[in-house]
Amino acid sequence: MAGFIHRRILPPFRRPPLPFFLPTAGAPSTGPSTSTRRPWTPRRILDPGDDAVLRWYRLFLVTCLAGLFVDPLYFYLLHTDGIAACVSMDMGIGVFVTALRTFADLFYLAHMILKFRIAFVAPSSRIFGRGELVRDPDQIAIRYLKNDFIIDLAAMLPIPQMIIWFVIPAVSTSSANHTNNTLSMIVLIQYIPRVYIIISLNSKIVKASGVVTRTAWAGAAYNLLLYTLASHVLGALWYLLSVERQYSCWMEVCTNEGGGTAVMPGCAMDFLDCKSRENPIRQTWHNHSAIQKQCMLPESVYDYGLFADALNLDRNGVAFVDKYLYCLWWGFRNLSSYGQNLQNSTYKGETVFCILICIMGLVFFSHLIGNMQTYLQSMTVRLEEWRVKRRDIEEWMRHRQLPPELQERVRRFFQYKWLATRGVDEESILQSLPLDLRREIQRHLCLALVRRVPFFSQMDEQLLDAICERLVSSLSTKDAYIVREGDPVSEMLFIIRGELESSTTDGGRTNFFSSITLRPGDFCGEELLTWALMPNPSLNFPQSTRTVKSVTEVEAFALRAEDLKYVANQFKRLHSKRLQHAFRYYSHQWRSWGACFVQGAWRRYKKRKLAKELMKQEGIYYQDADEGDDVGGGGDRVVGLGGGGGGGVGGGDGTPLLAGAVGVTGGGDGVGVVGEGSSGGGGGGAHLSATLLASKFAKNTKRGAAAHQKRIDDVSTIKFPKLAKPDEPDFSLHTDDVL
């Protein structure tokens, strides 16, 4: 204990080293010393709200409670001997109790010395705020001497030790009755200032720190300790009054036998003290006296009432520990039952004692046990509130006849919310704190999680602090719709745990569906960022282009529209090309559009390539077809145009192309069909043959062009639906951003 006091209690109160100003050699004295402090003035004045002072208050409170436990032990010093009909004092218990009491008195003395060093708040300065501390040692000493010094001195004085070890042995006429009355009076009178000090300490601790104990369990244990102390005092007082009741019976018998007879000497009050047990006269009186018949339990004529059980303890020779525990149990039993089981006599002192037991039991049980119950209930108050709220929700769902699947979703949401928050409204707690403290807490809770979002990792510390300050937690159960396509977007969601499904139909287009999975680190609601970065955003929130649904239970942080707009307006660094690239890269909406754009460009490239390949193949086909028309049968056909004397067109085999169809004879100018080595004339037949050949060529060309166009149309039917390009945030506010 001494080491604990030396290490933990005394260091804050030690005096700083004294400054020593040594004059230089030969320098004349310039007058009195620079230090005008008086010897008794403390060098350090302590703040009553300082941690060291609060630690001392709590330690001294425990010591005071221990001292209150020690004082009633003085009531167990007296011991009755029913067989010898005398009262003695147990000095072994006296030594033990005196040592404990002296140790407790040292703390009272230290507390009195410390009070000369503790500042106080001036009453006139309590108009606003905490008030002004008075640190003047003279004013502190005067105030303490006027107010609490007398009470502390009365509680500190070792009066019971002085009476037991000095006063009672010095008084030769002292009897057991005097000792009994003196002890009871001194202890009970000194109990009043000691209880007052405990109440004052309790009040000071509550004013400085708000509560005496920091936890509910400690508060319950503190009130149970006070209730135990009351039972301890009541049990010790019951034992002391039983000794006094026994002594009263002996006094009554001794008074009646005071005259004496020839056989029996007269009774003296000294005979009731066990110190005179070996006196022959006392032994003669005891052998002939009726004191055993009238006062000896259990055949006594004297009615001891409720003290009979306590007298049986000494009659049966019960040890001190067993006797103390029995008296403590008696105090507990009667305090908790308000003394209903007591069977008292008609003695008025005994009746008054029973009345006091009833009053004390009512007060202590209602106050201390009530406080204990309040502390214990405070540990489960959140759980009880959640149970009541869940019961109300169940009744409401049954009253509104919600479908079973919807009821199950509601139950799942509240169950998940309880597991995540334990019924604590975190947002209201944060809003009640100062701005700086709220910023530090939000930074501690959110910064590491926000950095996991790749889009935020591009931002500096100040911008991240502003975002963390405005983030709120968001919980979603499985299969819950965060936002639907076409609904206004009111918040931007950053996923911490869980998965979301983000899908779109491009405004309800037929046969179009695009879906992606959002995982921890992703975000949704990027339309809101575009809206917030617009120079003059509209009052209406942007519409969502995607439907977001939770695949699992999701924990996320939400950045609301007003907060995002504030951050975008206050911090112009948000308008950065680097953030633009990060936004496009990590935005799944931009990713979907980019994928569709690349896929469409690839398909258009494949279409052009296929068309070009078909055109190339068609060109080769037409070239081969033309050559097949010019070359026929087993040899080459030659088309000849002649004029004047002759020319003709003929087949390789000597058969004219128009033979049998046209017969031509001609004169000077004409076209003739001649066989091998022959010639003929006739210009009209040659012109008709050329016309037919030209018609046949045109027909083949038209047929090929139609087939080519059909093939191109078949390729062009492979169309990719055009996806609208997402709106891009205005990142171009500053042109001097570094890419």
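Methionine 492 lies opposite leucine 559 of strand β12. In this predicted model, that pair of residues belongs to the contact between strand β7, residues 491-497, and strand β12, residues 554-560, which run antiparallel and are joined by six bridges.

The two strands are part of an open sheet of four, arranged in the order β5-β12-β7-β10 with antiparallel pairing. Its edges are formed by β5 (472-476) and β10 (523-524), each of which has a pairing partner on one side only. Helix α15, spanning residues 404-421, packs on this sheet and touches β5 and β12. The direction of α15 makes an angle of about 140 degrees with that of β5.

A further set of pairings involves strand β8. Is this strand enclosed or open to its surroundings? Four of the five residues of β8 (residues 500-504) are buried, that is, under 20% relative accessible area, so the strand is largely enclosed by the rest of the structure. β8 pairs with strand β9 (residues 514-518) in the antiparallel sense through five bridges, and threonine 504 has serine 514 of β9 as its bridge partner. β8 also pairs with strand β11 (residues 547-550), again antiparallel, over four bridges; here glutamate 501 is matched with lysine 549 of β11.

These elements belong to a protein with 23 helices and 14 strands. Of its 739 residues, 39% count as buried. Among contacts between residues at least 6 apart in sequence, 74% join residues at least 24 apart. The accessible surface comes to about 42800 Å², and carbon and sulfur atoms account for 59% of that area.

How values were computed. Residues numbered from 1 in each chain as written. Predicted model: local features only at pLDDT ≥ 70, side-chain atom pairs only at ≥ 80, totals over all residues. Heavy atoms only, no water. Pairing = 2+ DSSP bridges. Contact = heavy atoms within 4.5 Å. Axes fitted to C-alpha atoms, helices over the stretch in contact; angles between N-to-C directions. Buried < 20%, exposed > 50% of the residue type's maximum accessible area, 1.4 Å probe, protein only. Areas by Shrake-Rupley, 256 points an atom, 1.4 Å probe, with all protein chains shown as cover.
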